[in-house]
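Me: I have a sequence and a model to go with it. Walk me through the fold, one question at a time.

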Amino acid sequence: MKSIEWIEQLMRTKSLKNHRQAALLIGMAEPLMSKHRNGKAVTLDDKYAYRLEELLELPHGTIVLDQHAEREQDPDRRAMWK
């Protein structure tokens, strides 16, 4: 999934009203959040992916591995991350 999809899942789960609140909760600077919203950044760094896993109460590795797969161009390597 694209990073913004994970962020919006957090917003729905935690009933956050805007992306600024999500950025604060994740520990992400607002300019970086803006890049995710505008599609200029499409994957999360591991530290933000890990934090989202904690906030969404997902098993560790769920989002981290998904984001590595999202970045991978080679289909075989992408399958390995998934």
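The turns below go from the whole chain to single residues.

Me: What kind of model is this, and how many helices and strands does the protein chain have?
Reply: This is a predicted model. From the N terminus on, the elements run α-α-α-α-α-α. The count is six helices and zero strands.

Me: Which radius of gyration does the protein chain have, against that of a compact globule?
Reply: The C-alpha atoms fill a box of roughly 40 × 25 × 20 Å along the principal axes. For 82 residues, a compact globule would come to near 12 Å. The chain agrees with that, at 12 Å.

Me: What share of the residues is buried?
Reply: Buried means under 20% relative accessible area. The protein chain has 82 residues, and the buried share of them is 37%.

Me: What share of the contacts with a separation of 6 or more joins residues 24 or more positions apart?
Reply: Contact means heavy atoms within 4.5 Å. Among contacts with a separation of 6 or more, residues 24 or more positions apart account for 42%.

Me: Which helix supplies the largest share of the largest nonpolar core?
Reply: This core has 19 residues, and I7, L10, I26, L44 and L52 touch the most other members. Four helices each supply at least two residues: α1 (3-13), α2 (19-26), α4 (46-55) and α5 (62-71). The largest share is five residues, and it comes from α1.

Me: Which residues does L10 contact, leaving aside neighbours within four places in sequence?
Reply: L10 is one of the core residues that touch the most other members. With those sequence neighbours set aside, its contacts are L16, A22, L25, I26, L52, L55 and L56.

Me: Is S15 buried or exposed, and what is its relative accessible area?
Reply: S15 lies in the loop between α1 and α2. Its phi is near 55°, a positive value in a residue other than glycine. Exposed means over 50% relative accessible area. S15 is therefore exposed, at 61%.

Me: Where is E57, and what is its relative accessible area?
Reply: E57 also has a phi near 55°, positive in a residue other than glycine. Its place is the loop between α4 and α5. E57 is exposed, with a relative accessible area of 69%.

Me: How far apart are the mean positions of the positive and negative charges?
Reply: The protein chain exposes about 5,200 Å², with carbon and sulfur atoms supplying 49% of it. There are 14 positive and 13 negative charges. Their mean positions are apart by 7 Å.

Definitions and conventions:
Residues numbered from 1 in each chain as written. Predicted model: local features only at pLDDT ≥ 70, side-chain atom pairs only at ≥ 80, totals over all residues. Heavy atoms only, no water. Rg over C-alpha atoms; globule rule 2.2 N^0.38 Å. Buried < 20%, exposed > 50% of the residue type's maximum accessible area, 1.4 Å probe, protein only. Areas by Shrake-Rupley, 256 points an atom, 1.4 Å probe, with all protein chains shown as cover. Lys, Arg positive; Asp, Glu negative; His and termini not counted. Charge placed at Lys NZ, Arg CZ, Asp CG, Glu CD. Core = buried A, V, L, I, M, F, W, Y, C linked by side-chain atoms within 4.5 Å.
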